[in-house]
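Me: I've got a structure open here and some of the labels puzzle me. Can we go through where they come from?

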Amino acid sequence: MAYPRLFEPFQIGNLHLKNRVAMAPMETHLGEPDGAVNKEVIAYYRERALGGAGLILVEFTCVDGSDGFSSNVPQLRLDNDRFKAGHAKLVGAIKSGGAKAVVQLSHAGRQTKESVIGKTPVSSSAVPLNSIYMSAVPRALEDHEIRRIIASYANAARLAMLAGYDGVMLHGAHGYLLQQFLSPLVNKRDDEWGGDFERRLRFPLEVIKAVKAQLGDKPLLYRLSVLDGIEGGLTIEDSEHIAPRLCEAGVDAIDISWGSLDRADIILEPMSVPEGDRLPYARRIRHATGKPVICAGVMRWPDKSEQAIIDGDTDMVSLGRTLLADPMWPIKAQRGQVDQIRPCTSCNWCIRELAQSRSVACAENPRCGRETEPEIGTYGAGLRAAVVGGGPGGMAAALMLDQAGFDVTLYEKRQRLGGNLITSAIPPGKDKLFWYHEFLVRRIEQSKINVRTGTKVEPDMLRADLPDVVILAGGSRLAPLDLADSGGLPTAPAYEALIDEITLPRSSAERPILIYGGGETGTETAEHLAKHGHHVLLVTRSDAKFLARNAEALYRIHLLQRLWANEAIRILDHTKLHSVDSELVTLACEGKLIQQPAAAVLFAHGLVPDTELAESMRGIDVPLFSIGDAAQVARIGEAVHDAYRAVQDLRRLILQPEPVAC
Ligand SMILES: Cc1cc2nc3c(=O)[nH]c(=O)nc-3n(C[C@H](O)[C@H](O)[C@H](O)COP(=O)(O)O)c2cc1C
Ligand code: SF4
């Protein structure tokens, strides 16, 4: 067995676990509109239990539907007997998958909206929330309401026991109600429930007491944000005093997290954050309490997880997005099949889906959240498929078609597979995308796919030897640009500079490389070039506050901080590129034309789908799908999901299953 420490049995209280791998609690929004568990929720968790995690921590589950939901998309709840049966089925599915089940009991407090709960949000005090995801002006809870919520936690714990859960976790992290009482930034009371350290601690301690009384001999886990990450908020030193008190009151294990919605960028570490960033904090809480700790946060590879256990940083490793991308991670790790793990890149496409009120999904794993859909099957045996374009969508399509039994040819005009997966991986802090690139390439090498790199597909080529299916995944091209004049200076699309397809001349502060376009590509190219010693002038038509506006929100926070601090990058906003000549560019800014010396001009003003091949193939007599940027310029997740939908649509088209037999 590989990774013997990670996969050795472990115990929390008297709960025996087959290994030290937990699935982190993650909202799915898959449930019924009223918060009931349904077959989609069950299938999603069952798949992850079958994947080998010893402990499944079931997501945010609301203890009081009157004011405790954080979102108006379906969140699970356990505040009424009628929700018990669904949870019992869920527990049954998790256990039959070989894991133990613990549910996370939660109350949002102020981290909600009036439109969600139909009334003013409640909190320890009336301290407003202003996060990138929501704003709220709460009111302070009255004493009797605090006692009502404590009773709600106890009631939910009672229902959890009746449903068969192996234990309960209190969601004391991420800025939800328990943390709102602990944090001096939010709790401004001066009564029994706040005023100093002891009184801020009272609400969590009372909740622990009430919940513990319902659990019999089952364990109580507590997810603690060990710091707020904001000046004047909770610190790790505070938590070294808080955590032992929680344990004295009855907590059997602490799950280490941090932040609140004010610092969502630490709760959901974006791509630039290295693996295992919370481990030093887990170690401190482990020493402070002497109780088991569980630690999530960018644990992506079994080596890191095993080492964290060996080093005594944590007792258990908790995998969040890691298991969205690959539910089979634990089994693959245990079998030593690390190169088969589909690696989460922390791209946070999943978070964007949730933030846009959709259910859980993963950019790389199109079946995440769709576990009840029919499997791809082997409907393509004896048929030929051509996939044009070897970017992420094309590679994913080719792999799924190969899985379906097609004889697949994958064409790529460049010498290397990867397309925009490579250009996206090159800028600083994005190298995790190479993990995914390597995974796809490895899978393709292990498949029967016939790869033809360095091949530009012409319509006649396809027509001459028409396959049974064509997938067009050729990506995008630069949007047309209306330049008054152009010539002399080297110009190229910014992505060509990222993949070294052009050699840039030397630049200086006086004669910088001009990048035209302040979107994600422009800003990232600026950072990349600055890292390689260039001076950059980033020109954007919009206001500078909109730089990289389509980038993933949490990654963008870090990107912009770095950009503003980078002395090699100058930003010129509200400015249009007017013309380019041999030495200078002319810029139009606030009605005036300015001349600017430049060493080269890189275009990052926008992309449009490259539809040329699709248009010339119109009318062919085989199913043809345009996917990814070739259909609509978007992100890697959209390209992979387009590929999945095309392969599923083909299954229906080819098999033509009758919807009903009667
Ligand atoms: C889609 C999604 C939903 C989440 N929902 C919850 C939740 O319900 N409760 C919670 O404590 N943390 C939640 N988290 C945070 C995770 O539990 C975990 O701490 C975080 O994602 C970092 O671990 P990772 O890098 O393995 O993803 C969520 C994370 C994601 C990605
Ligand atoms: S969408 Fe991105 S961050 Fe989320 S689980 Fe998938 S790979 Fe990881």
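Reply: Sure. Keep in mind that this is a predicted model. Let's start with a pair of strands: β24 (residues 536-539) runs parallel to β25, with four bridges between them.

Me: What makes β24 and β25 a pair?

Reply: The cut-off is at least two bridges found by DSSP. β24 and β25 have four, so they count as paired. One of the contacts is Val539, whose bridge partner in β25 is Leu572.

Me: Why is β25 called an edge strand?

Reply: β25 (569-572) pairs on one side only, and so does β22 (491-493), the other edge strand. They belong to an open sheet of five strands, pairing in parallel, in the order β22-β29-β23-β24-β25. Neighbouring strands in that sheet are turned by 20° against each other on average, direction ignored.

Me: How do you know that α19 runs against β24 rather than along it?

Reply: Look at the angle: the direction of α19 (residues 520-531) makes about 175° with that of β24. Angles run from 0 to 180 degrees between N-to-C directions, so a value of about 175° means the two point in nearly opposite ways. The helix packs on the sheet and touches β23 (513-516), β24, β25 and β29 (600-603).

Me: Now β19. What makes Val469, Val470, Ile471 and Leu472 buried?

Reply: A residue is called buried if 20 or more other C-beta atoms lie within 10 Å of its own. Those four residues are all buried, with Val469 and Ile471 on one side of β19 (residues 469-472) and Val470 and Leu472 on the other, so both faces of the strand are covered.

Me: Which strands does β19 pair with?

Reply: β16 (residues 384-388) runs parallel to β19 with four bridges, and β31 (residues 624-626) runs parallel to β19 with three. Both counts meet the cut-off of at least two, so both are pairs. Val388 stands opposite Leu472, while Val470 stands opposite Leu624 in β31.

Me: Why is β4 described as mostly covered?

Reply: Eight of its eight residues are buried. Strand β4 also pairs in parallel with β6 (residues 100-106) over seven bridges, Phe60 having Gln104 as its partner there.

Me: What makes β5 a partner of β4, given how few bridges there are?

Reply: β4 and β5 (residues 76-77) have two bridges. The cut-off is at least two, so that is just enough. Cys62 has Arg77 as its bridge partner in β5. β3 (residues 21-23) likewise pairs with β4 over two bridges, and Met23 is partnered by Ile56.

Me: On to the ligands. How do you know which residues surround ligand 1?

Reply: The test is a C-beta atom within 6 Å of the molecule. For ligand 1, 27 residues surround it, the closest being Ala24, Met26, Phe60, Gly320 and Arg321. β4 (55-62), α11 and α13 each give two or more residues to that shell.

Me: Why do eight residues around ligand 2 count as nonpolar?

Reply: Cys is classed as nonpolar, so Cys344, Cys347, Cys350 and Cys362, which are among the closest to ligand 2, fall in that class. Arg321 is also among the closest, and Arg counts as charged. Overall, the shell divides into eight nonpolar, three polar and two charged residues. Its largest share, three residues, comes from α11.

Notes:
Residues are numbered from 1 along each chain as its sequence is written. Chains are lettered from A and ligands numbered from 1 in the order in which they are written. This is a predicted model: local features need pLDDT of at least 70, side-chain atom pairs count only at pLDDT 80 or more; totals for chains, interfaces and linings use all residues. Two residues are in contact if their C-beta atoms, placed from the backbone, lie within 7 Å. A residue is buried if 20 or more other C-beta atoms lie within 10 Å of its own, exposed if 12 or fewer, and partly exposed in between; C-beta atoms are placed from the backbone.
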